[in-house]
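Trainee: I am new to this one. Please show it to me, and let me ask how each label is earned.

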Amino acid sequence: MMKKRQVVVKRITGGSSTRNIRYVECQKNHAANIGGYAVDGCREFMASGEDGTTAALTCAACGCHRNFHRREVNGGEVVSES
């Protein structure tokens with residue numbers, strides 16, 4: 001039996017504007033402890049659990065935390081947050 005996977009797209013409303021947030025490719029360096037650079041190739045964050053649980057912050061594809069995935073707002077990359 002196949003498990004259902006969730007692709008995380010969040011909609012944030014504030015004032016008169018609405019932003020869609022997507023988490024895309026994983027940027028975790030798996031070879032940092034040996035002084036190298038290697039990423040796992042995960043292309044998009046898929047939540048492991050239901051929204052509101054701690055499992056929702058873990059990627060079902062690569063097992064990394066959501067913070068390791070590049071964040072996009074309305075299709076553009078977020079460089080810094082204010």
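Mentor: Start with E25. Leaving aside neighbours within four places in sequence, E25 is in contact (heavy atoms within 4.5 Å) with C42, R43, E44, F68, H69 and R70. This is a predicted model, where local features need pLDDT of at least 70, side-chain atom pairs count only at pLDDT 80 or more, and totals for chains, interfaces and linings use all residues. Residues are numbered from 1 along each chain as its sequence is written, and side-chain values use heavy atoms, without hydrogens and water.

Trainee: What makes the link between the side chains of E25 and R70 a polar contact?

Mentor: The limit is a pair of N or O atoms within 3.5 Å; within protein, one must be able to donate a hydrogen and the other to accept it, and residues adjacent in sequence count only through side-chain atoms on both sides. The E25 and R70 side chains are joined at 2.7 Å, so the label fits.

Trainee: Why is the pair of Y23 and F45 called edge-to-face?

Mentor: Rings of Phe, Tyr and Trp (its six-membered ring) pair if their centres lie within 6.5 Å; planes under 30 degrees apart are stacked, over 60 edge-to-face, the rest tilted. Here the centres are 6.2 Å apart and the planes are at 65°, so the pair of Y23 and F45 is edge-to-face. The structure holds one aromatic pair.

Trainee: What makes K28 count as lying over the face of F68?

Mentor: NZ of Lys or CZ of Arg must be within 6 Å of the ring centre and within 35 degrees of the ring normal. K28 lies over the F68 face at 5.1 Å from the ring centre, so the distance passes.
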